[in-house]
Amino acid sequence: MSADADWRLKRATAADAAALSLVASACFLETFAGILQGADIVAHCAKANHPDAFRDWAEAAASRVVVAEIANGAAPIGYSVLTTPDLPAVETGADDIELRRIYTLSRAHGTGLGPALMAQALLDARGLGCKRMLLGVYAGNDRARAFYQKQGFAKVGERQYQVGATLCDDVIYALQL
């Protein structure tokens, strides 16, 4: 997993948990600062981006975690996580997988990293024998929604989730693999 760029992709292991926790929190902060309350972002990141979560995902047979790193020095700048679906608003089957997370730091926008992470996630999902990929995205994140639609994802549902004091609306997308 590498790219002809100043970054590279690699399959994450439990040893990458701290780096993934850091880049996940940085990406969430970059994405939602000005949309969500700062205290809610910090609390969410402390809970949802804990290194133990990334360690568990990296070690799970049904999950795939990829970390994107700067080629010179291996600093993390993005990541993706595939897991067993946890989308109660949509009927799921044994052949489904959820793209639980896919983020890059803004410095990597326009470098091809997002499409490379997505291409790797699709390869990994097919390699796991999955037939459909699902994902949830904040309804107000027009950039991400346009990216998913460009990749061929179609809306299949909606859900709400709580981040601190804020109730957020998500759009759920699916792609047949």
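**Exercise 1.** Which residues are linked with K10 in a network of salt bridges?

*Solution.* The structure is a predicted model, in which local features need pLDDT of at least 70 and side-chain atom pairs count only at pLDDT 80 or more, while totals for chains, interfaces and linings use all residues. Residues are numbered from 1 along each chain as its sequence is written, and side-chain values use heavy atoms, with hydrogens and water left out. Take a salt bridge to be a side-chain nitrogen of Lys or Arg within 4 Å of a carboxyl oxygen of Asp or Glu; the count by this rule is 8. The network joins R8, K10, D16 and E69. One of its links is the pair K10 and D16, whose side chains meet at 3.0 Å, N to O. For accessibility, buried means under 20% relative accessible area, exposed over 50%, and partly exposed in between (1.4 Å probe, protein chains only). K10, at 28%, is partly exposed, whereas D16, at 10%, is buried.

**Exercise 2.** Determine how strand β4 is placed and paired.

*Solution.* Helices (H or I, at least four residues) and strands (E, at least two) are DSSP runs, numbered from the N terminus. Strand β4 covers residues 96-104, and 8 of its 9 residues are buried. Two strands pair if DSSP finds at least two bridges between them. By that criterion β4 pairs with β3 (residues 76-83) in the antiparallel sense over 6 bridges, where G78 has T104 as its bridge partner. With β5 (residues 132-138), β4 pairs in the parallel sense over 3 bridges, and here I97 is partnered by M133. Within β4, E98 forms a salt bridge with R100, with the closest N and O atoms 3.4 Å apart; E98 is buried at 2%, while R100 is partly exposed at 26%.

**Exercise 3.** Explain where N49 lies and what surrounds this residue.

*Solution.* N49 sits in the loop between α2 (38-48) and α3 (51-59), and with a relative accessible area of 2% N49 is buried. Although N49 and S21 are 28 residues apart in sequence, their C-alpha atoms are 5.1 Å apart in space. Contact means heavy atoms within 4.5 Å; beyond neighbours within four places in sequence, N49 has contacts that include S21, F54 and R101.

**Exercise 4.** Which residues of α3 are buried, and against what do they pack?

*Solution.* F54, W57 and A58 are buried in α3. Viewed down the helix axis, the buried residues fall within an arc of 100° (taken from the directions from the axis to the C-beta atoms), so they line one face of α3. These buried residues pack against α1 (17-32), β2 (64-70), β3 and β4.
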